[in-house]
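Trainee: I'm new to this one. Can we go through it together, with me asking how each label is earned?

Mentor: Sure, take a look and ask away.

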Amino acid sequence: MDETEFWELIDSARETAEGDPEDQADALVEKLMQLDPDAVLDFARHFEARYNRAYLWDLWGAAAVLLDGASDDVFDYFRCWLIGQGREVFEGAVHEPDTLADLLDDFDPDVDGDGEDLGYAADEAYEQLTGAETPDLGLPPQPSEPLGTPFDMESEDVLAERFPRLWERFRA
């Protein structure tokens, strides 16, 4: 599976689910179940590589603005949700998190931002196909700390200064 096929599966599941993260995870499992186990593992590698790539202080801060705070777990689920938004949103957010203000048509913190189930879709599909747990994917582990420069994510002044467009659109 190449990167284009990965993003096509993500987009197709999101469209099927009409943007609902839980329904998107269910749709993704169904789509992955139509593939062979090796393709599901390829998908899992693509997903995990992007999940690890999004482990950035600035992206965590953007999540904190959107979700009015973001613990470790909340940020983990946010990164899964972000992947679920597709290539354009994901790449834009990784390169410049404040562009999420422009990339998100709408955002409801009660529904959006939590893609925990998306993070398990490949594991679930693989287990249903093979009866076995997903093996080690052979990827480097996530860094012990997010990449970039840490900052005070509990300070509204710091968040408003670092993410002016997000702050203006979602918190002001």
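Trainee: How many positive and negative side chains does the protein chain have, and how far apart do the centres of the two sets lie?

Mentor: There are 11 positive and 46 negative side chains, with the two centres 7 Å apart. Lys and Arg count as positive, Asp and Glu as negative, while His and the chain ends are not counted. Each charge is placed at NZ of Lys, CZ of Arg, CG of Asp or CD of Glu. Before we go on: this is a predicted model, where local features need pLDDT of at least 70 and side-chain atom pairs count only at pLDDT 80 or more, though totals for chains, interfaces and linings use all residues. Residues are numbered from 1 along each chain as its sequence is written, and side-chain values use heavy atoms, leaving out hydrogens and water.

Trainee: What makes up the secondary structure of the protein chain?

Mentor: It comes to 10 helices and zero strands. Both are DSSP runs numbered from the N terminus: helices are H or I with at least four residues, strands are E with at least two.

Trainee: And why is the protein chain called as compact as a globular protein of that length?

Mentor: Its radius of gyration, taken over C-alpha atoms, is 16 Å, and the globule rule (2.2 Å times the number of residues to the power 0.38) also gives 16 Å for 172 residues, so the label fits.

Trainee: What makes helix H4 largely enclosed by the rest of the structure?

Mentor: Buried means under 20% relative accessible area, exposed over 50%, and partly exposed in between, with a 1.4 Å probe and protein chains only. In H4, residues 57-67, 10 of the 11 residues are buried, so the helix earns that description. Among them are Trp-57, Trp-60 and Leu-67. For the protein chain, 45% of the 172 residues count as buried.

Trainee: Which helices do the buried residues of H4 pack against?

Mentor: They pack against H5 (72-84), H6 (87-95), H7 (100-103), H9 and H10 (164-170). Just after H4, Asp-68 takes a positive phi of about 55°.

Trainee: Why is Glu-156 called partly exposed?

Mentor: Its relative accessible area is 48%, which falls between the two cut-offs, so partly exposed is the right term. Glu-156 is found in helix H9, residues 156-162.

Trainee: Which residues does Glu-156 touch, not counting those up to four places away in sequence?

Mentor: Trp-167 and Arg-171, where contact means heavy atoms within 4.5 Å. As for Ala-64, 92 residues apart from Glu-156 along the chain, the two C-alpha atoms are separated by 9.9 Å.
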